[in-house]
Amino acid sequence: MAILNPAMNQALNEQINREMYSAHLYLALAAYFEERDLPGFANWMRVQSQEEQFHVTKLFNYVVERGGRVTIGAVAEPPSEWESPLQAFEATLAHEQEISTVIDGLVDLALTNKDRASESFLRWYVDEQVEEEASVDRVVKMLRLSEGQPAAMLMLDRELASRRLAPSGSSAAG
Ligand code: OFO
């Protein structure tokens, strides 16, 4: 198998940086929810941050395995304030949709380069994005239904408290 093409290597390094940003973004969101005494929501965000760290490691390992070079750049500062829990989850959904578009672009680059190994590797991220968008969308919908109802919010908080990181790096619930 040919060594990683330089354009693909660079694109994967940029993706490592985006995944690092995602990990920081979700930690910032966890802090936002902790501050609002919503520990279940905060747990969901902590687990999401751990998943993003797993996405970083998976990309890192792949670049190394293909004889490429990993470069770690500065990570942009994430926001620290959101208008409401609903707006925080809507922003999360928008972020994941953006990441899905970027990953589709990486698959296209692999196809253009006839880099079958990268294409196959990136399919995992394509599938992961489908799951992530669906799970965030579900919370957005539940938050819309719970608006103005503290009891419903507390029930949702309790449910999101059960999310755990599975050994595969994907969450077991939520
Ligand atoms: Fe939010 O998922 Fe990484 O890619």
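**Helices and nonpolar cores of a predicted model**

In helix α1, which covers residues 6-35, the 30 residues should span 44 Å at 1.5 Å a residue, and the end C-alpha atoms are indeed 44 Å apart, so expectation and model agree. The model is predicted. Helix α1 also gives the most residues to the largest nonpolar core, supplying 8 of them.

**Helix α1 and its ends**
- At the start of α1, a side-chain oxygen of N5 comes to within 2.8 Å of the backbone nitrogen of A7.
- Just after α1, the residue D37 adopts a positive phi of about 55 degrees.

**Helix α3 and the residue that follows**
- Helix α3 runs over residues 85-112, and its 28 residues should span 40 Å at 1.5 Å a residue; the end C-alpha atoms lie 41 Å apart, which agrees with that expectation.
- After α3 comes K114, which has a positive phi near 55 degrees.

**The largest nonpolar core**
- In soluble globular proteins, nonpolar side chains tend to be buried together.
- The largest nonpolar core holds 25 residues, and those touching the most other members are F33, F41, M45, F89 and L143.
- At least two residues of this core come from each of α1, α2 (39-65), α3, α4 (116-146) and α5 (150-160).
- When residues up to four places away in sequence are not counted, L143 touches F41, P85, L86, F89, M153 and L156.

**A second core**
- Separate from the largest core is a second one of 19 residues, and L4, L12, L59 and F121 are among them.

Terms used. Residues numbered from 1 in each chain as written. Predicted model: local features only at pLDDT ≥ 70, side-chain atom pairs only at ≥ 80, totals over all residues. Heavy atoms only, no water. Helix = DSSP H or I, 4+ residues; strand = E, 2+ residues; numbered from the N terminus. Expected span 1.5 Å × (residues − 1). Polar contact = N/O pair within 3.5 Å; in protein donor to acceptor, adjacent residues only side chain to side chain. Core = buried A, V, L, I, M, F, W, Y, C linked by side-chain atoms within 4.5 Å. Buried < 20%, exposed > 50% of the residue type's maximum accessible area, 1.4 Å probe, protein only. Contact = heavy atoms within 4.5 Å.
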